[in-house]
Amino acid sequence: MPLDWLIARPIAHRGLHDAANGVIENTAGAFRAAVEASYAIETDVQVSADGEAMVHHDDTLGRLTEGEGRLDTLSAAALKRVPFRGSPEHMLTLGELCDLVAGRATLVVELKSHYDGDGRLAARVADVLSHYSGPAAAMSFDLRQVAQLRQKAPRLVRGITASEYRPNSYRDLLPKGAQRGLGYIRAGLAARPQFLAYSVGGLPGPLPTFMRRIMCMPVLTWTVRTQAERQRAERYADQIIFEGFRP
């Protein structure tokens, strides 16, 4: 199997977090815990107003942090000053996360997108990870971002994040007609993904089956939280992105 390093260890979803004990997702404490437990790390990045890759899942403040507003309207310096609720942690940049992990765990970085053609996040992730010496890969639901990663950093391992279709899902955020349009198909071809991260609820499915059996690409699956999901993942995927337990 190619990319054995990518599937060698279970992948902690947004780090090894435990909010009840003050360890918040996508923070330094969660990442340190994952490294200490010898897990790989999955994390999310959003673009700031000044083009920095900020480690955060949501595109707005408020769910886990104080404050409000979209991350892409605030500078990296301003976002780093925003406190997390119930924690002394502050938001990291992708570069700071790389410095913290320092090659001790595989990083799987998901680029979030507004599907508006903004290429700043892909450019920044490509730049940071191109200069990082540890094992790392990047992925996105947005095929255009994956294609941009290939253009900016062709040696960076890149993948597609996907799930079975559900109404009001991320696919409904795509530009009108993009789901079937030639432009989106071209983006998929231009991306040339090297792995797939697919929702565990959609396994088995045509896309992960094709990618794994025909294209011989590794398939990660997210987010595995139960024993039943783990058993499904063991049958239909190559590694889990997990949360809420320790495999």
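Which residues does leucine 107 touch, not counting residues up to four places away in sequence? They are Ile41, Leu97, Cys98, Val101, Tyr132, Pro135, Ala136 and Ala137. The model is predicted. This briefing covers its nonpolar cores, helix α3, two individual residues and a run of parallel strands.

**Nonpolar cores**

- The largest nonpolar core has 50 residues. Leucine 107 is among the members that touch the most others, along with Val45, Leu94, Val101, Leu111, Val125 and Leu129.
- Helix α4 gives the most to this core, contributing six residues.
- A second core stands separate and has 16 residues, including Leu6, Ile7, Ala197 and Leu220.
- In soluble globular proteins, nonpolar side chains tend to be buried together.

**Helix α3**

- Helix α3 spans residues 94–101. Its buried residues are Leu94, Leu97, Cys98, Leu100 and Val101.
- Seen down the axis of α3, these buried residues fall within an arc of 160 degrees, so they line one face of the helix.
- What do the buried residues of α3 pack against? Their partners are the helices α1 (28–36) and α4 (120–130), plus the strands β2 (40–47), β3 (53–55) and β4 (107–111).
- Two of the buried α3 residues, Leu94 and Val101, are also named among the best-connected members of the largest core, in that they touch the most other members.
- Alanine 102 comes just after α3 and takes a positive phi of about 50 degrees.

**Threonine 43**

- Threonine 43 lies in strand β2.
- Is threonine 43 buried or exposed? Its relative accessibility is 0%, under the 20% cut-off, so threonine 43 counts as buried.
- The side chain of threonine 43 makes a polar contact with the side chain of asparagine 26, at 2.8 Å.
- Leaving aside neighbours within four places in sequence, threonine 43 is in contact with Asn26, Phe31, Val55, Leu97, Val108, Val109 and Glu110.

**Histidine 131**

- Histidine 131 sits in the loop between α4 and β5 (136–140).
- Its relative accessibility is 65%, over the 50% cut-off, so histidine 131 counts as exposed.
- A polar atom of the histidine 131 side chain lies 2.7 Å from the backbone oxygen of aspartate 127.
- Histidine 131 and cysteine 98 are 33 residues apart along the chain, and their C-alpha atoms are separated by 9.8 Å.

**Strand β7 and its partners**

- All five of the five residues of strand β7 (residues 195–199) are buried, so the strand is largely enclosed by the rest of the structure.
- Both faces of β7 are covered. Phe195, Ala197 and Ser199 are buried on one side, and Leu196 and Tyr198 on the other.
- Strand β6 (residues 157–162) pairs with β7 in the parallel sense over four bridges. Here tyrosine 198 is the bridge partner of alanine 162.
- β7 and β8 run parallel and are joined by four bridges. Tyrosine 198 has threonine 221 as its bridge partner in β8.
- From β7 the chain crosses through helix α7 (residues 206–214) to β8, and this β-α-β crossover is right-handed.

**Strand β9 and its partners**

- Strand β9 (residues 239–242) is covered on both faces. Gln239 and Ile241 are buried on one side, Ile240 and Phe242 on the other.
- Strand β8 (residues 219–224) runs parallel to β9, joined by three bridges. One bridge partner in β9 is isoleucine 240, opposite threonine 221.
- Strand β1 (residues 11–13) also pairs with β9 in the parallel sense, over two bridges. Alanine 12 has phenylalanine 242 as its bridge partner.
- β8, helix α8 (residues 227–236) and β9 make a right-handed β-α-β unit.

Technical notes:
Residues are numbered from 1 along each chain as its sequence is written. This is a predicted model: local features need pLDDT of at least 70, side-chain atom pairs count only at pLDDT 80 or more; totals for chains, interfaces and linings use all residues. Side-chain values use heavy atoms; hydrogens and water are left out. Buried means under 20% relative accessible area, exposed over 50%, partly exposed in between (1.4 Å probe, protein chains only). The arc is that of the directions from the helix axis to the C-beta atoms. Contact means heavy atoms within 4.5 Å. Two strands pair if DSSP finds at least two bridges between them. A crossover is right-handed if, with the strands pointing away from the viewer, the path from the first strand over the helix to the second runs clockwise. A nonpolar core is a set of buried Ala, Val, Leu, Ile, Met, Phe, Trp, Tyr and Cys residues joined through side-chain atoms within 4.5 Å. A polar contact is a pair of N or O atoms within 3.5 Å; within protein, one must be able to donate a hydrogen and the other to accept it, and residues adjacent in sequence count only if both atoms are side-chain atoms.
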